[in-house]
Amino acid sequence: MNDRFFIHQITVYHTENDEIFTTINFDKVYFRHNKKTNLVDKGLQEGSTGSITIPTTEKLDVSTNDYVVEGIVEDKFDLSALQNKYQVFKVVSVDDNRKGNLQHYKIGVTE
């Protein structure tokens, strides 16, 4: 994979037993996200979706119960405090693509 695209950093708040959060920092990832506005019955609904590509050959502990913040963050996990300070994404999909020449994880997130 071309290193010039992997310029982003993320912090993953990984859940264990639905209560304990551990922090995992990733350097040199590709994070593409965009804001969307949808027209629904009650007006406009805003949100962001995105995908994160993490080039690695190692197994990662990332699941759909986890949260992601762009950048390296040292804060303890408190969802409302993090949302007041940062843009927080929830992991909605994790694809393990560690086969072949382009080994990576692809993580889908939504706000």
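Which side chain meets K85 in a salt bridge? Here is a short tour of the structure, with that pair coming up in point 2.

1. **The overall picture.** Please keep in mind from the start that this is a predicted model. Its secondary structure comes to one helix and six strands, and along the sequence these follow the pattern β-β-β-β-α-β-β. The protein has 111 residues, and 32% of them are buried. About 7400 Å² of surface is exposed, with carbon and sulfur atoms supplying 45% of that area. Take the contacts between residues at least 6 apart in sequence: 52% of these join residues at least 24 apart.

2. **The salt bridge of K85.** The partner is D75: the two side chains meet in a salt bridge, at 3.2 Å from N to O. This pair links distant parts of the chain, for K85 belongs to helix α1 (residues 79–85) while D75 sits in the loop between β4 (67–70) and α1, 10 residues apart. K85 has 54% relative accessibility and so counts as exposed. D75, at 23%, counts as partly exposed.

3. **The other salt bridge.** The count of salt bridges comes to two. Besides the pair just described, D96 forms a salt bridge with R98, and here the closest N and O atoms are 2.8 Å apart. D96 is partly exposed, with a relative accessible area of 36%, and R98 counts as partly exposed too, at 24% relative accessibility. As general background, side chains of opposite charge can pair when their charged atoms come close.

4. **A buried histidine.** H14 is a good place to pause in strand β1 (residues 8–16). Is H14 buried or exposed? H14 has a relative accessible area of 9%, so this residue is buried. The H14 side chain makes a polar contact with the side chain of D66, at 2.8 Å. Leaving aside neighbours within four places in sequence, H14 is in contact with I20, F21, T22 and I24, and also with D61, V62, S63 and D66.

5. **S63, a contact of H14.** You will find S63 in the loop between β3 and β4. S63 is partly exposed, with a relative accessible area of 24%. Apart from residues within four places in sequence, S63 is in contact with H14, T15, V91 and V94. It may also help to look from S63 towards D95: the two are 32 residues apart in sequence, and their C-alpha atoms are 9.8 Å apart in space.

6. **S51 in strand β3.** S51 has its place in strand β3, which covers residues 43–55. With a relative accessible area of 9%, S51 is buried. Not counting residues up to four places away in sequence, S51 touches Y30, F31, R32, K106 and I107. One of these, F31, returns in point 8.

7. **A stacked pair of rings.** How many aromatic pairs does a search of the whole structure find? The search finds four. In one of them, F21 and F77 have ring centres 3.7 Å apart and planes at 15 degrees; planes under 30 degrees apart count as stacked, so this pair is stacked. F21 lies in strand β2 (residues 20–40) and F77 in the loop between β4 and α1, so the pair links distant parts of the chain, 56 residues apart. F21 is partly exposed, at 27% relative accessible area, and F77 is partly exposed as well, at 24%.

8. **An edge-to-face pair.** The rings of F31 and F89 have centres 5.4 Å apart and planes at 75 degrees, so they make an edge-to-face pair. F31 is in strand β2 and F89 in strand β5 (residues 88–97), and the pair therefore ties together parts that are 58 residues apart in sequence. Both F31 and F89 are buried.

9. **A ring cluster, and a lysine over a ring.** Ring pairs link Y13, F21, Y67 and F77 into a cluster. At Y67 there is something more to see: K90 lies over the face of the Y67 ring, 5.1 Å from the ring centre. Where does F77, another member of the cluster, sit? F77 is in the loop between β4 and α1.

Definitions and conventions
Residues are numbered from 1 along each chain as its sequence is written. This is a predicted model: local features need pLDDT of at least 70, side-chain atom pairs count only at pLDDT 80 or more; totals for chains, interfaces and linings use all residues. Side-chain values use heavy atoms; hydrogens and water are left out. A salt bridge is a side-chain nitrogen of Lys or Arg within 4 Å of a carboxyl oxygen of Asp or Glu. Helices (H or I, at least four residues) and strands (E, at least two) are DSSP runs, numbered from the N terminus. Buried means under 20% relative accessible area, exposed over 50%, partly exposed in between (1.4 Å probe, protein chains only). A polar contact is a pair of N or O atoms within 3.5 Å; within protein, one must be able to donate a hydrogen and the other to accept it, and residues adjacent in sequence count only if both atoms are side-chain atoms. Contact means heavy atoms within 4.5 Å. Rings of Phe, Tyr and Trp (its six-membered ring) pair if their centres lie within 6.5 Å; planes under 30 degrees apart count as stacked, over 60 as edge-to-face and the rest as tilted. A charge sits over a ring if NZ of Lys or CZ of Arg is within 6 Å of the ring centre and within 35 degrees of the ring normal. Accessible areas come from the Shrake-Rupley method with a 1.4 Å probe; for residues, only the protein chains shown count as cover.
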